[in-house]
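The report that follows takes up the strands, the nonpolar core, the aromatic rings, the charged pairs and a few single residues. Please read it with the sequence and the structure at hand.

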Amino acid sequence: MSDTTTHGIRVQVRTRYAPERSQPSASMYFFVYNITISNVGTEPAQLVSRHWIITDGNQHVEEVRGPGVVGETPSLQPGQSFNYTSGCMLRTQFGTMTGTYQMVRPDGTPFDATISPFVLALPHAIN
């Protein structure tokens, strides 16, 4: 599990391998990640975009940028959380993801909330 707090925004990540959506014979491994974004600070903030860095077991790096998450740009008051689930296809049995959420305060001040690196791996791949 990944768990980091930046500027009062806590990002927690849990992952699992999804064999039902994978095709190992074609080197396609699907991983699901569940993310909880919590405002543990004292000021409201809105998530406006994301930046992911995805690295597979062959050190192939892919960067993904885009607006919001799962089609939403959640605003979080202090004490509120937003939870979502998404997924990632890798060509190897393990890899990592890390990144940032671009956030903005009500006064327009932007900041990045860090998503600490987390592992995507088949249960036996990192023994």
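Helices (H or I, at least four residues) and strands (E, at least two) are DSSP runs, numbered from the N terminus. The model is a predicted one, in which local features need pLDDT of at least 70 and side-chain atom pairs count only at pLDDT 80 or more, whereas totals for chains, interfaces and linings use all residues. Residues are numbered from 1 along each chain as its sequence is written, and side-chain values use heavy atoms, with hydrogens and water left out.

**A loop residue and a strand residue**

Gln59 is placed in the loop between E4 and strand E5 (61–67). Is Gln59 buried or exposed? Buried stands for under 20% relative accessible area, exposed for over 50%, and partly exposed for what lies in between (1.4 Å probe, protein chains only). With a relative accessible area of 60%, Gln59 is therefore exposed. Between Gln59 and Thr96 there are 9.5 Å in space, C-alpha to C-alpha, although the two are 37 residues apart in sequence.

Ser116, by contrast, belongs to strand E9, and its relative accessible area of 19% makes Ser116 buried. If contact is taken as heavy atoms within 4.5 Å, and neighbours within four places in sequence are left aside, then Ser116 is in contact with Ser2, Thr4, Met97 and Thr98.

**The largest nonpolar core**

A nonpolar core is here a set of buried Ala, Val, Leu, Ile, Met, Phe, Trp, Tyr and Cys residues joined through side-chain atoms within 4.5 Å. The largest one has 28 residues, and those that touch the most other members are Tyr33, Ile35, Trp52, Tyr84 and Tyr101. Two or more residues of this core come from each of strand E2 (9–17), strand E3 (29–39), strand E4 (45–56), strand E7 (81–90), strand E8 (94–104) and strand E9 (110–121). In soluble globular proteins, nonpolar side chains tend to be buried together.

Which residues does Ile35 contact, leaving aside its neighbours within four places in sequence? They are Val11, Gln12, Val13, Trp52, Phe82, Asn83, Tyr84 and Tyr101.

**Aromatic rings**

Rings of Phe, Tyr and Trp (its six-membered ring) count as a pair if their centres lie within 6.5 Å; planes under 30 degrees apart are called stacked, over 60 edge-to-face, and the rest tilted. The structure holds 6 aromatic pairs. One of them is the tilted pair of Tyr17 and Phe31, with 5.5 Å centre to centre and 50 degrees between the planes. Because Tyr17 lies in strand E2 and Phe31 in strand E3, this pair ties together parts that are 14 residues apart in sequence. Tyr17 and Phe31 are both buried.

Tyr33 and Trp52 form another tilted pair, at 5.5 Å centre to centre and 55 degrees between the planes. Here Tyr33 lies in strand E3 and Trp52 in strand E4, so the pair links parts that are 19 residues apart in sequence. Both of these residues, Tyr33 and Trp52, are buried, and together with Tyr101 and Phe118 they form one aromatic cluster.

A charge is said to sit over a ring if NZ of Lys or CZ of Arg is within 6 Å of the ring centre and within 35 degrees of the ring normal. The charged end of Arg21 sits in this way over the ring of Phe30, 3.9 Å from its centre.

**Salt bridges**

Side chains of opposite charge can pair when their charged atoms come close. With a salt bridge defined as a side-chain nitrogen of Lys or Arg within 4 Å of a carboxyl oxygen of Asp or Glu, the structure holds 3 salt bridges, set out below.

| Salt bridge | Closest N to O | Relative accessible area |
|---|---|---|
| Asp3 and Arg10 | 2.5 Å | Asp3 37%, Arg10 28% |
| Arg16 and Glu20 | 3.7 Å | Arg16 44%, Glu20 55% |
| Arg65 and Glu63 | 3.7 Å | Arg65 61%, Glu63 48% |

Asp3 counts as partly exposed, and so does Arg10. In the bridge of Arg16 and Glu20, Arg16 is partly exposed while Glu20 is exposed. For the remaining bridge, Arg65 is exposed and Glu63 is partly exposed.

**Positive phi values**

Ser27, in the loop between E2 and E3, has a phi near 55 degrees, which is a positive value in a residue other than glycine. At 33% relative accessibility, Ser27 is partly exposed. Val70, which is not a glycine either, has a positive phi of about 45 degrees. Val70 is located in the loop between E5 and strand E6 (75–76), and is partly exposed with a relative accessible area of 47%.
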